[in-house]
Amino acid sequence: MLNCIDNSGASIVECVANLRMKRHAKIGDRIIVVVQKQRNFGEGSGPGGSSASTAAANKVRRGDIRHAIVVRTKKKLQRKDGMVVRFDDNACVLINKAGEPLGTRLTSEFPII
């Protein structure tokens with residue numbers, strides 16, 4: 001399970017395949033994910049609110065199969081200069097098949113490798 005840190009509409013995704021090798025994914029790897037939990041945007045999604053704006057904001061739905069790039073991992077990554085990078089959670093950004101991000105904003109920090 002990975003957190004999705006863009007505003008595409010997904011909150012939690014599950015990795016089903018690694019497109020690079022048959023091992024765990026590292027930072028920068030392209031993976032295939034299934035959306036497990038959808039993100040709620042604003043108060044309009046509650047009872048009596050307008051769900052039309054929420055539906056327009058969500059580009060993905062629960063159960064959608066999408067491509068993603070891993071941007072944070074709990075596993076330590078050692079850079080060539082000796083610095084070790086480690087995060088508190090696993091996170092990804094959803095992309096289309098051409099490699100362009102689905103969301104327009106990233107809601108958290110990610111490393112520059």
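Which residue in β7 is the bridge partner of Ile 69? In this predicted model, in which local features need pLDDT of at least 70 and side-chain atom pairs count only at pLDDT 80 or more, while totals for chains, interfaces and linings use all residues, the partner of Ile 69 in β7 is Val 93. Residues are numbered from 1 along each chain as its sequence is written, and side-chain values use heavy atoms, with hydrogens and water left out.

Strands here are DSSP runs (E, at least two residues) numbered from the N terminus, and two of them pair if DSSP finds at least two bridges between them. Strand β4 (residues 65-72) runs antiparallel to strand β3 (residues 30-38), to which 5 bridges join it, and within this pair Val 33 stands opposite Arg 66 of β4. Strand β4 also pairs with strand β7 (residues 91-95), again in the antiparallel sense and over 5 bridges, with Arg 72 standing opposite Ala 91 of β7. In the order β1-β2-β3-β4-β7, 5 strands close into a barrel whose pairing is mixed. Neighbouring strands of this sheet are turned by 50° against each other on average, direction ignored, the axes being lines fitted to C-alpha atoms and the angles running from 0 to 180 degrees between N-to-C directions.

The largest pocket (on a 1 Å grid over the protein atoms alone, an open set of points where a 1.4 Å probe fits, with protein on both sides within 12 Å along at least five of seven lines) holds about 210 Å³ of space, a volume being the space filled by probe spheres set on the points. Of the 14 residues that line this pocket, the closest to its centre are His 24, Ala 25, Lys 26, Thr 73 and Lys 75, where lining residues have an atom within 4 Å of a point.

Conventions: Helix = DSSP H or I, 4+ residues; strand = E, 2+ residues; numbered from the N terminus.
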